[in-house]
Amino acid sequence: QVQLVESGGGLVQPEGSLRLSCTASVSIFNIYAMAWYRQAPGKERELVAHISNVGGTTYADSVKGRFTMSRDNAKKTVYLQMNSLKPEDTAVYYCSYGGAYWGQGTQVTVSS
């Protein structure tokens, strides 16, 4: 059974930073792409960042230059470093494994 556990969410002020982590309890990790999605109240789920098995990354236009995704295959963990946070970044953030499995999410709230 695949289990993804996100952590690191919380309340942060605008222009602040936060780092999310997602650890995958899986037997195979290194060959799969991983991604971060977010969903704000009343809005559709949005792809935030994607990382390939070899480390290439793609970001939504709204977060380019502010967010950085990385992976540590030895720890079977992906990260999302979020800088210069804005109120519009407020959402539940989810990680996905191989485009097929999802974690339960972690809440990020950006507010003064």
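**Exercise 1. Is strand E8 largely enclosed by the rest of the structure or not, and how many of its six residues are buried?**

Solution. The model is predicted, so local features need pLDDT of at least 70 and side-chain atom pairs count only at pLDDT 80 or more, while totals for chains, interfaces and linings use all residues. Residues are numbered from 1 along each chain as its sequence is written, and side-chain values use heavy atoms, with hydrogens and water left out.

Step 1. Fix the terms. Strands (E, at least two residues) are DSSP runs numbered from the N terminus. Buried means under 20% relative accessible area, exposed over 50%, and partly exposed in between (1.4 Å probe, protein chains only).

Step 2. Apply them. Five of the six residues of E8 are buried, so E8 is largely enclosed by the rest of the structure.

**Exercise 2. Determine the order of the strands in the open sheet that contains E8, and describe the pairing.**

Solution. Two strands pair if DSSP finds at least two bridges between them.

Step 1. Take the partners of E8 in turn. E3 and E8 run antiparallel and are joined by six bridges; within this pairing, Thr23 stands opposite Thr77, and Cys22 has Val78 as its bridge partner. E7 also pairs with E8 in the antiparallel sense, over six bridges, and here Phe67 is matched with Met82.

Step 2. Assemble the sheet. Its four strands follow the order E1-E3-E8-E7, with antiparallel pairing. E1 (3-7) and E7 are the edge strands, each pairing on one side only. On average, neighbouring strands of this sheet are turned by 15° against each other, direction ignored; the axes behind this angle are lines fitted to C-alpha atoms, and angles run from 0 to 180 degrees between N-to-C directions.

**Exercise 3. Identify the strands that pair with E9, and state whether E9 is enclosed.**

Solution. Step 1. Six of the seven residues of E9 are buried, so this strand is largely enclosed by the rest of the structure.

Step 2. E4 and E9 run antiparallel and share six bridges, including the one between Arg38 and Tyr93. E11 pairs with E9 in the antiparallel sense over three bridges, and Thr106 in E11 is the bridge partner of Tyr93.

Step 3. E10 (residues 101-102) is joined to E9 by two bridges, again in the antiparallel sense, with Trp102 as the partner of Ser96. E9 and E10 form a hairpin with three residues between them, and Gly98 in the turn has a positive phi of about 60°.

**Exercise 4. Locate the disulfide of the structure and describe the setting of its two cysteines.**

Solution. Step 1. A disulfide is taken as a pair of cysteine sulfur atoms within 2.5 Å. A search of the whole structure finds one.

Step 2. The bond joins Cys22 to Cys95, with an S to S distance of 1.8 Å. Cys22 belongs to E3 and Cys95 to E9, so the pair, 73 residues apart, links distant parts of the chain.

Step 3. Both Cys22 and Cys95 are buried.

**Exercise 5. Which residues of the largest nonpolar core touch the most other members?**

Solution. Step 1. A nonpolar core is a set of buried Ala, Val, Leu, Ile, Met, Phe, Trp, Tyr and Cys residues joined through side-chain atoms within 4.5 Å.

Step 2. Among the 29 residues of the largest such core, Trp36, Val48, Phe67, Met69, Leu80, Met82 and Tyr93 touch the most other members. Strands that each supply at least two residues include E4 (34-39), E5 (46-51), E7 (67-72), E8 (77-82) and E9 (91-97).

Step 3. Examine Tyr93, taking contact as heavy atoms within 4.5 Å. Leaving aside neighbours within four places in sequence, the contacts of Tyr93 include Trp36, Val48, Phe67, Leu80 and Met82, as well as Glu6 and Gly105.

**Exercise 6. Characterise Glu15 and Lys76 by phi, place and accessibility.**

Solution. Step 1. Most residues other than glycine have a negative phi.

Step 2. Glu15, although not a glycine, has a positive phi of about 75°. Glu15 is in the loop between E2 (10-12) and E3, and at 55% relative accessibility counts as exposed.

Step 3. Lys76 likewise has a positive phi, near 50°. Lys76 lies in the loop between E7 and E8, a hairpin with four residues between the strands, and is partly exposed with a relative accessible area of 26%.
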